[in-house]
Amino acid sequence: MKYYTIETISKIVKSVTMVDDLKDESTDRHVVDARKIFSKIGMKYYSSTYLGKFLNKDHSTILYYKKEAENLIETDSIFKSFYDTCVLMLEDVDVNMELEKQHKYHLQEADRILQELKIRTNERI
């Protein structure tokens with residue numbers, strides 16, 4: 001299973017849903033829906049208690065948000081679109097992390113080869 005930090009999940013959900021703060025006490029639908037998406041995704045990786053502490057909510061609220069998200073995914077195409085976009089962006093984060101690892105590896109290899117060439121050049125002088 002892939003692992004994502006709670007901060008990464010939060011950033012993506014806020015970005016997709018255009019909500020400034022998931023911890024906001026607002027009961028506006030778009031803010032509550034963002035918390036539902038966050039809870040649904042977050043429950044794949046964290047406990048309801050941990051997510052609740054992050055959002056300043058009770059663990060039972062997180063479980064309720066998750067259940068509501070599952071219902072909305074089935075009945076609300078706009079909500080489903082937001083949720084699917086968040087999931088896809090998480091996958092993109094995973095791809096970008098892998099590319100960064102490969103890039104770092106190649107830079108290290110290039111540096112190692114350069115150091116080896118310097119040593120060989122100094123031995124010839």
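Here are four short exercises with worked solutions on a predicted model.

**Exercise 1. Work out where S10 sits and whether this residue is buried or exposed.**

Step 1: Find the element. S10 belongs to helix α1, which covers residues 6-17.

Step 2: Check the accessible area. S10 has a relative accessible area of 5%. Buried means under 20%, so S10 counts as buried.

Step 3: Look for partners further along the chain. If you skip the neighbours within four places in sequence, S10 is in contact with L22, F38 and F54.

Step 4: Compare sequence and space. R35 is 25 residues away from S10 in sequence, and their C-alpha atoms are 9.1 Å apart.

**Exercise 2. Find which residues of the largest nonpolar core touch the most other members, and which elements feed this core.**

Step 1: Start with the members. The core holds 27 residues, and those touching the most other members are I9, V13, L22, I37, F38, I41 and C86.

Step 2: Now go through the elements. Two or more residues come from each of α1, α2 (29-42), α3 (48-55), α4 (59-75) and α5 (77-124). The top contributor is α2, with six residues.

Step 3: Zoom in on I37. Leaving out neighbours within four places in sequence, I37 has contacts with V13, T17, F79, F82, Y83 and C86.

**Exercise 3. Classify the ring pairs Y4 with Y45 and Y64 with Y65.**

Step 1: Get the overview. The whole structure has four aromatic pairs.

Step 2: Take Y4 and Y45. Their ring centres are 5.4 Å apart and their planes meet at 85 degrees. Angles over 60 count as edge-to-face, so that's the label for this pair.

Step 3: Ask what the pair links. Y4 is in the segment before α1 and Y45 is in the loop between α2 and α3, so the pair ties together parts 41 residues apart in sequence.

Step 4: Check how covered they are. Y4 is buried at 5% relative accessibility, while Y45 is partly exposed at 23%.

Step 5: Turn to Y64 and Y65. Here the centres are 6.5 Å apart and the planes are at 45 degrees, which makes the pair tilted. Y64 is partly exposed, with a relative accessible area of 47%, whereas Y65 is buried at 7%.

**Exercise 4. Find out which ring the charged end of K23 sits over.**

Step 1: Locate the ring. The charged end of K23 sits over the ring of F54, at 4.5 Å from the ring centre.

Step 2: Link back to Exercise 1. F54 is also one of the contacts of S10.

Technical notes
Residues numbered from 1 in each chain as written. Predicted model: local features only at pLDDT ≥ 70, side-chain atom pairs only at ≥ 80, totals over all residues. Heavy atoms only, no water. Helix = DSSP H or I, 4+ residues; strand = E, 2+ residues; numbered from the N terminus. Buried < 20%, exposed > 50% of the residue type's maximum accessible area, 1.4 Å probe, protein only. Contact = heavy atoms within 4.5 Å. Core = buried A, V, L, I, M, F, W, Y, C linked by side-chain atoms within 4.5 Å. Phe/Tyr/Trp six-rings, centres within 6.5 Å; stacked < 30°, edge-to-face > 60°. Lys NZ or Arg CZ within 6 Å of the ring centre and 35° of its normal.
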